Amino acid sequence: MSHWPTPRRIATLSVHTSPLDQPGTGDAGGLNVYVVEVARRLADAGVEVEIFTRATSRDRPACVEMSPGVTVRHIMSGPLEGLAKEDLPGQMCAFTNGVLRAEAAHPPGYYDLIHSHYWLSGQVGWLAKERWGVPLVHTAHTLAKVKNSQLADGDRPEPLARVVGEDQVVAVADRLVANTQVEARDLITRYGADPARVAVVEPGVDLERFRPGDRTAARRRLGLPERGYVIAFVGRIQPLKAPDVLLRSLAALLDREPELAELVTVVICGGPSGSGLDQPTALIDLANSLGVADSVRFMAPQTGADLPALYRAADIVAVPSHNESFGLVALEAQACGTPVVAAAVGGLVTAVRDGVSGVLVDGHCPVDWAIVLGKLLACPGRREELAAGAVRHARNFSWTRTASGLLAVYREAVTEHRERMASSIDADAAALRALA
């Protein structure tokens, strides 16, 4: 593939969330981390990246250099505040106009390829692809049909408009990048994607930032108890991520082993998001109603060195999500040498190596989770084995590896697109000669 053309400049579309937003709040999460880390690695490889996202603050200029070779463009489309993700389809025309105007200010052929993230961006990418005459690579990150098949109790299903929108993007994209083989299968079986256009490129982890460290020092840094056990949940607070399962499992665990009440601290780190915004105090209320509030510590999303510190401080990181396209939190925790207990769903089956780097739990029954957590807390030797396996497993993933995989996909898409264009030109020329 070395003879295939590497794109000089790509347009990355991330409509609903900016790479400059703090993961763990609002709509910012693993997708944000993915876009940021991949863009930086692509720039290191000599590819310029321009990221288009919706403007949501007057404090951010229209154009920001995020890092050398990576530019973030904030497109005015709708009000800066108070617009939920569910309301964004009505702003796609305005957003698309902003994207097309940015390209129109340059000579034709300025962008070699479009990479869209999430279905809203895919809709914009579909139009830009036709206007610019370049290939579209799309990463869904989450899929409505999958989410609707694995809804948490009481959670809102994804609307039909999203399902239709995803079907359309799947049909028109030159390449579909899946995070795991599970997601690739879902694209093919649930959305009818052409297997030849689906490529699996696994996300990575920053192995320099997320690495093992001193647990006691990490607990002191965050003000957590130096003695006893810490179980951490990191992520957006919404039914999809199922932090309630962890609280219910804590209650079941303390009911079985009440002496652990003085020894176990559960940390819930994140901010309300999605349907979780409807009841922002729901988890606090649940902890009180379950009688476990004294064993629970709520923490705002952590930045900088504090996030790796939280992973290191924990004896176990719990990821009880109802669905995850991959599960970056699980990978980050394992890179820090902390075993993960995760639901056996979606990409978590890839992100966690069951029995080696952590434990996968079938279903979301709190009693089942309590049994798994209790056994691990009671067996420090087993936790040490899993911690060592977690570090080894995480080393198989890196953002440099992800960027390399994406570059291979980009080269294929650009080459096939140019070949189709050349064939079309030849066919048109032949038709004209026949008419003459």
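T12 finds its bridge partner within β5 in H115. This pair belongs to the contact between strand β1 (residues 9–13) and strand β5 (residues 113–117), where 4 bridges join two strands that run parallel. The coordinates come from a predicted model, and the description below follows the sheet outward before turning to two helices.

Strands β1 and β5 sit within an open sheet of 8 strands, ordered β3-β4-β2-β1-β5-β6-β7-β8, with mixed pairing. The edges are taken by β3 (63–67) and β8 (198–200); each has a single partner strand, so one side of each is left without a neighbour in the sheet. From one strand to the next, the twist averages 25°.

W119 lies in helix α3 (residues 119–132). With a relative accessible area of 10%, W119 counts as buried, because the cut-off for that class is under 20%. Leaving aside residues up to four places away in sequence, W119 touches P89, H138, A161, R162, G165, E166 and V169. S357, by contrast, is 238 residues from W119 along the chain, and the C-alpha atoms of the two are separated by 32 Å.

Helix α14 (residues 380–394) offers a handy check on geometry: at 1.5 Å a residue, its 15 residues should span 21 Å, and the end C-alpha atoms are indeed 21 Å apart, which agrees. Buried positions in α14 are R383, L386, A387, G389, A390, V391, H393 and A394. These buried residues pack against three strands and three helices, namely β9 (229–234), β12 (316–319), β14 (358–361), α11 (328–335), α12 (348–351) and α13 (366–377).

How values were computed. Residues are numbered from 1 along each chain as its sequence is written. This is a predicted model: local features need pLDDT of at least 70, side-chain atom pairs count only at pLDDT 80 or more; totals for chains, interfaces and linings use all residues. Side-chain values use heavy atoms; hydrogens and water are left out. Two strands pair if DSSP finds at least two bridges between them. Axes are lines fitted to C-alpha atoms, for helices over the stretch in contact, and angles run from 0 to 180 degrees between N-to-C directions. The expected span of a helix is 1.5 Å times one less than its number of residues. Buried means under 20% relative accessible area, exposed over 50%, partly exposed in between (1.4 Å probe, protein chains only). Contact means heavy atoms within 4.5 Å.
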